[in-house]
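User: Could you take a close look at how the helices pack against one another in this protein, and walk me through it residue by residue where that helps?

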Amino acid sequence: MELWNFTLGSGFILVGILNDSGSPELLCATITILYMLALTSNGLLLLAITTEARLHMPMYLLLGQLSLMDLLFTSVVSPKALADFLRRENTISFGGCALQMFLALTMGGAEDLLLAFMAYDRYVAICHPLKYMTLVSPRVCWLMVATSWILASLSALIYTVYTMHYPFCRAQEIRHLLCEIPPLLKLACADTSRYELMVYVMGVTFLIPSLAAILASYTQILLTALHMPSNEGRKKALVTCSSHLAVVGMFYGAATFMYVLPSSFHSTRQDNIISVFYTIVTPALNPLIYSLRNKEVMGALRRVLGKYMLPAHSRL
């Protein structure tokens, strides 16, 4: 195959799921609604956690970071996909593709680590409540947040630079929602088998320890909750943890399929559906899962909405 020479004006064509869909207008409307829901729900949750003194606790600081990651993650993908579909122009520059890949990998990697830290936070709060302010002090909490962002950024930078260094062929079409490693490697004009193996190994190394830590934490939490004398305490512990486990299941299920399963298990349609799920659906659902079952968060949201909405109505 003739190599595709990248010039300043060259780029890829993101075919994406909208163009391959049987009902693209309906899917476009659905993605728009989910994106607006993600912006609104995550934005409100961040506002409540930032402004409400009662939520200035490690648990809610971590939850706020999760909302920030979800907000940025979906914003990396959704506006571009919707704008391309409406303008009927699906091009993305080489630099734009690299930037989108870097940001998506950063958000995904940071969320992977943050979910493990959130499980640790819940483990300490329920299993060792008397040591909570020592083991999960504000300093420790910010260290967890910084670790998530820094490690994810470094990993994403390495992946992005190595993926984009390959020569690509004239077949520029990326049949995917966004610039990600698996679909891009299909366009490479070089042997990528070793790199694909490295991506698989690194995916396992990055995802599996975090998932194992989460499962270990919640096993201990479940055992502790079952021995609690108070039904109210047991119920509160299980409700809090069930919300987190729902988020973990959605995120790790999609990430495992995309980056851990061998390429023989992948198809273009499946990859697109999975990508829509973890870049658009999950960020819209995460704040709802956490807030609807948490009385403190719901109370803070009501106070925030009352504070910012009622004055506006009174002026009308």
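Analyst: Read from the N terminus, the order of elements is β-α-α-α-β-α-α-α-β-α-α-α-α-α, which gives eleven helices and three strands. Please keep in mind that this is a predicted model. Of the 316 residues in the protein, 48% count as buried. Contacts reach far along the chain too: taking those between residues at least 6 apart in sequence, 77% join residues at least 24 apart.

It helps to set the UniProt record beside the model. An unreviewed entry there lists "transmembrane region" for residues 26–47, 59–78, 98–120, 140–162, 197–216, 237–261 and 273–292. In the model, the stretch 26–47 is 100% helix and 0% strand, with its end C-alpha atoms 31 Å apart. The stretch 59–78 is likewise 100% helix and 0% strand, and its end C-alpha atoms are 28 Å apart.

Now to the packing itself. A pair of packed helices is described by the angle between their axes and the distance between those axes.

Let's begin with α3 and α6. Helix α3 covers residues 58–87 and helix α6 covers residues 138–164; they pack at an angle of about 20 degrees, with axes 10 Å apart. An angle under 35 degrees counts as roughly parallel, so α3 and α6 are roughly parallel to each other. The crossing of α3 past α6 is right-handed. On the α3 side, the contact is made by P58, L61, L62, Q65, L68, M69 and L72, and on the α6 side by C141, W142, M144, V145, S148 and W149. Sorted by class, that contact of α3 with α6 has eleven nonpolar residues, two polar ones and no charged ones.

Next come α4 and α8. Helix α4 runs over residues 94–127 and helix α8 over residues 193–226; their axes come within 9 Å and cross at roughly 20 degrees. Helices α4 and α8 are therefore also described as roughly parallel, and their crossing is left-handed. From α4, the residues involved are G109, D112, L113, L115, A116, A119, Y120, R122, Y123, I126 and C127; they meet F206, L207, S210, I214, S217, Y218, Q220, I221 and T224 of α8. The contact of α4 with α8 divides into 13 nonpolar, five polar and two charged residues.

Helix α8 also packs against α6. The axes of α6 and α8 come within 12 Å and cross at roughly 170 degrees. Since an angle over 145 degrees counts as roughly antiparallel, α6 and α8 are therefore roughly antiparallel. Here S155, Y159, Y162 and T163 of α6 meet Y195, V199, M202, G203 and F206 of α8. This contact of α6 with α8 has six nonpolar, three polar and no charged residues. One residue to keep an eye on is F206, which belongs to the α8 side facing α6 and also to the α8 side facing α4.

A few single residues fill in the picture. M118 sits in helix α4 and counts as buried, at 6% relative accessibility. Leaving aside neighbours within four places in sequence, M118 is in contact with L62, L63, L66, H244 and Y290. The C-alpha atoms of M118 and L63 are 7.9 Å apart, with their positions 55 residues apart in sequence. L62, one of the contacts of M118, is also among the α3 residues that meet α6.

N42 lies in helix α2, residues 24–51. With a relative accessible area of 0%, N42 is buried. Not counting residues up to four places away in sequence, N42 touches L37, S67, D70, L71, P283 and P287.

Finally, helix α11 (residues 295–315) offers a nice pair to look at, beginning with L305. At 38% relative accessibility, L305 counts as partly exposed. L305 and L44 are 261 residues apart along the chain, yet their C-alpha atoms are separated by 8.5 Å. V304 is in α11 as well, but at 3% relative accessibility V304 counts as buried. Beyond its neighbours within four places in sequence, V304 is in contact with L47, A48, T51 and E52. For V304 and E52, the C-alpha to C-alpha distance is 8.0 Å, and the two are 252 residues apart in sequence.

Notes
Residues numbered from 1 in each chain as written. Predicted model: local features only at pLDDT ≥ 70, side-chain atom pairs only at ≥ 80, totals over all residues. Heavy atoms only, no water. Axes fitted to C-alpha atoms, helices over the stretch in contact; angles between N-to-C directions. Helix = DSSP H or I, 4+ residues; strand = E, 2+ residues; numbered from the N terminus. Parallel < 35°, antiparallel > 145°, perpendicular 65-115°, else oblique. Left-handed = near helix turned anticlockwise from the far one by under 90°. Contact = heavy atoms within 4.5 Å. Nonpolar A, V, L, I, M, F, W, Y, C, P; charged D, E, K, R; others polar. Buried < 20%, exposed > 50% of the residue type's maximum accessible area, 1.4 Å probe, protein only. UniProt positions renumbered as here; feature names shortened; annotations may be inferred.
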